[in-house]
Amino acid sequence: MNITVDVNELNTEFIVKLKGEIDAYTAPKLRGSLFPISEQDNVSIIIDLTEVSYMDSTGLGVFVGAFKSVRAHNGEFTLIGLSERLRRLFDITGLADIIDIKSGTEGGLE
């Protein structure tokens, strides 16, 4: 199990492309990449989950923490490219009602 985190920055917008699985083993790497960005003021983070094949509750926890940090610093937090399975995780937990989730590649990615 592994995850690749690719961060591209354009001014105050960060596009984070993830590839692999998000679980208890890979979550610390993801957290270490997201949290320093999430603590900046007025930042916009777009997370592309197109190539994420699996995510458990540990991954959800990382996203909730990053989301709260971004919002506390007047920023925007968006998830894109969720598979039907990942989207269902966010729907079931009620996080889809709180976190901005776009279908497909909306949000600046093509």
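This is a short walk through one predicted model, from its helix packing to its core, its aromatic pairs and a few loop residues.

Let's start with the two helices, α1 and α2. Helix α1 covers residues 27–38, and helix α2 covers residues 57–72. Their axes come within 9 Å. They cross at roughly 5 degrees. Angles under 35 degrees count as roughly parallel, so α1 is roughly parallel to α2.

Who makes that contact? On the α1 side, we have A27, L30, R31, L34, F35 and S38. On the α2 side, we have T58, V62, F63, G65, A66, S69 and V70. Sort them by class, and the contact has 8 nonpolar, 4 polar and 1 charged residues.

Keep F63 in mind. F63 comes back in the core.

Now the core itself. The largest nonpolar core has 31 residues. Those with the most contacts inside it are L18, I47, L49, F63, F77, L79 and F90. Which elements give two or more residues to this core? The strands on that list are β1 (3–10), β2 (13–22), β3 (44–55) and β4 (76–80). The helices are α1, α2 and α3, the last at 84–93. Helix α2 gives the most, with 6 residues. As a general point, nonpolar side chains in soluble globular proteins tend to be buried together.

Take L18 as a close-up. Set aside its neighbours within four places in sequence. What is L18 then in contact with? Early in the chain, I3, T4 and V5. Then L30. Then I47, D48, L49, E51 and V52. And finally F63. Look at L30 and F63 again: L18 touches both, and both are also part of the contact between α1 and α2.

Next, the aromatics. The structure holds 2 aromatic pairs. The first one I'll show is F63 with F90. The ring centres are 6.3 Å apart, and the planes sit at 45 degrees, so this pair is tilted. F63 is in helix α2 and F90 is in helix α3. They are 27 residues apart, so to speak of distant parts of the chain is fair: the pair links them. Both residues are buried.

The other pair is F67 with F77. Here the centres are 5.9 Å apart and the planes are at 70 degrees. Over 60 counts as edge-to-face, so that is what we call this pair. F67 belongs to helix α2, and F77 to strand β4, 10 residues apart. F67 is buried, and F77 is buried too.

Now the loops. L82 is found between β4 and α3. Is L82 buried or exposed? Buried, with a relative accessible area of 16%. Beyond its neighbours within four places in sequence, L82 is in contact with L49, R87, F90 and I101. Two of these, L49 and F90, are on the list of residues with the most contacts inside the core. One distance for L82: its C-alpha atom is separated by 14 Å from that of I92, 10 residues apart along the chain.

Last, two asparagines. N42 lies in the loop between α1 and β3. It has a positive phi of about 55 degrees, although it is not a glycine. N42 is partly exposed, at 49% relative accessible area. N74 is in the loop between α2 and β4. Its phi is also positive, about 60 degrees, and again N74 is not a glycine. At 61% relative accessibility, N74 counts as exposed.

Note on methods. Residues numbered from 1 in each chain as written. Predicted model: local features only at pLDDT ≥ 70, side-chain atom pairs only at ≥ 80, totals over all residues. Heavy atoms only, no water. Axes fitted to C-alpha atoms, helices over the stretch in contact; angles between N-to-C directions. Helix = DSSP H or I, 4+ residues; strand = E, 2+ residues; numbered from the N terminus. Parallel < 35°, antiparallel > 145°, perpendicular 65-115°, else oblique. Contact = heavy atoms within 4.5 Å. Nonpolar A, V, L, I, M, F, W, Y, C, P; charged D, E, K, R; others polar. Core = buried A, V, L, I, M, F, W, Y, C linked by side-chain atoms within 4.5 Å. Buried < 20%, exposed > 50% of the residue type's maximum accessible area, 1.4 Å probe, protein only. Phe/Tyr/Trp six-rings, centres within 6.5 Å; stacked < 30°, edge-to-face > 60°.
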